[in-house]
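Me: I am new to protein models. Please take me through a close look at one part of this one, the largest pocket.

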Amino acid sequence: MATMSHVAKVSFLDGQNELPTVEVNTPWSNAEIYLHGAHITRFRLHDETPLLFMSQCSRFEHGQPIRGGIPVIFPWFGMREGLGQHGFARTRPWDLREVLPSQDGKVRLRFELPPCPEAALIPPFSANYIVTVSQTLEAELIVKNEAREEMIFEECLHTYFEVGDSTAIFIKGLSGTEFLVRSPEVRRNKDTDPQIRINSEIDRIYLNTTAAVEIIDPRLGRKIHVEKENSLSTVVWNPWIEKSQRMPDFGDDEYQRMVCVESGNVAENQVKLAPGQTSRMKLRLTSTPLT
Ligand code: TA6
């Protein structure tokens with residue numbers, strides 16, 4: 001166990017199924033990241049309920065996504081015929097390249113996606129993921145086009161939030177924004193409600209929005225703040241009853257304690273990078289007590 005400075009501690013541990021993890025303890029918070037998918041599985045402010053939801057039924061297996069936390073979705077969002085759902089970044093092992101504690105107690109970690117067979121599907125690129133743990137959790141996905149041709153991709157930090165009761169929360173920040181739903185058929189709507197409430201399955205891709213989102217949770221007495229940079233899409237998802245029962249790595253009743261508010265660039269907001277160009281999409285999460 002390495003002590004990186006008197007105010008923060010970084011430990012390298014075996015997680016579930018002996019997958020390697022990095023645990024970060026700061027004066028304000030505790031975080032856990034698996035090298036598998038560079039997957040943040042825990043972020044909690046001391047003496048608070050964890051901010052991120054983790055399924056009790058999650059798999060921790062090579063080639064399988066972890067259910068909960070922040071899956072890194074890249075280089076595509078959704079299903080690709082014969083290629084699977086939500087890209088390959090979340091099911092590959094990433095390399096931990098840097099651990100940078102700072103005297104103010106923050107810890108910054110840089111992960112890099114090493115070459116992998118699936119990467120041959122798209123032009124040469126480099127992908128780095130910077131996680132900064134403090135009173136807030138910051139995650140930044142940095143993609144550089146290393147090819148001599150344009151690179152087009154989708155990206156999404158598919159964040160699962162822990163809530164006291166998903167039917168009691170209010171999600172604010174997306175009112176008046178257009179969104180896509182994809183089932184039973186693709187439809188484009190405009191959200192005219194002042195806030196989102198959950199009382200059935202919801203799976204909406206909000207488009208062309210840079211808005212911060214607030215999840216107001218009266219049951220846990222907190223407000224979760226979801227801020228983003230260089231992201232035009234926000235996805236809101238709760239599987240509800242029937243889909244929860246169909247998901248083998250998700251408990252039948254876990255839809256009651258989670259909501260996904262995901263920050264990315266998907267569908268018509270896909271990213272187009274010229275040769276040598278770099279994109280930097282950033283997410284910042286924290287929570288404050290409901291006064
Ligand atoms: O982000 C919403 C979504 O695209 C849903 O349609 C649902 O499939 C969810 O992602 C989870 O996908 P996964 O591949 O992790 O089961």
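Reply: Start at the centre of the largest pocket. Arg67, Gln85, His86, Trp237 and Lys243 are the lining residues nearest to that point. In total, 21 residues line this pocket. (A pocket is an open set of points on a 1 Å grid over the protein atoms alone, where a 1.4 Å probe fits, with protein on both sides within 12 Å along at least five of seven lines; lining residues have an atom within 4 Å of a point.)

The model is predicted, so local features need pLDDT of at least 70 and side-chain atom pairs 80 or more, while totals for chains, interfaces and linings use all residues. Residues are numbered from 1 along each chain as its sequence is written, and side-chain values use heavy atoms, without hydrogens or water.

The space in the largest pocket comes to about 370 Å³. Its lining splits by class into 8 nonpolar, 8 charged and 5 polar residues. Asp, Glu, Lys and Arg count as charged. Arg67 and Lys243, close to the centre, are therefore charged.

Now bring in the ligand. Residues around the ligand include Arg67, Gln85, His86, Trp237 and Lys243. Those names also lie nearest the centre of the largest pocket. Others around the ligand are Phe77, Arg90, His158, Arg182, Asp203, Val235 and Glu262. (To be listed, a residue needs a heavy atom within 4 Å of the ligand.)

Look at the distances next. An oxygen atom of the ligand is 2.8 Å from an N or O atom in the side chain of Glu262. For His86, a polar side-chain atom is 3.0 Å from a ligand oxygen atom. For Arg182, the corresponding distance is 3.3 Å.

For contrast, turn to the second largest pocket. About 260 Å³ of space lies there. It is lined by 15 residues, and Thr41, Met54, Ser55, Gln56 and Phe60 are the closest to its centre. Strand E3 (29-34) and strand E4 (39-45) each give two or more residues to this lining. (Strands are DSSP runs of at least two residues, numbered from the N terminus.) E4 supplies the largest share, 3 residues. By class, the second lining has 6 nonpolar, 5 polar and 4 charged residues.

To recap the main pocket: its lining holds 21 residues, and about 370 Å³ of space lies in it.

Terms used
Points joined across faces, edges and corners; volume = space filled by probe spheres on them. Helix = DSSP H or I, 4+ residues; strand = E, 2+ residues; numbered from the N terminus. Polar contact = N/O pair within 3.5 Å; in protein donor to acceptor, adjacent residues only side chain to side chain.
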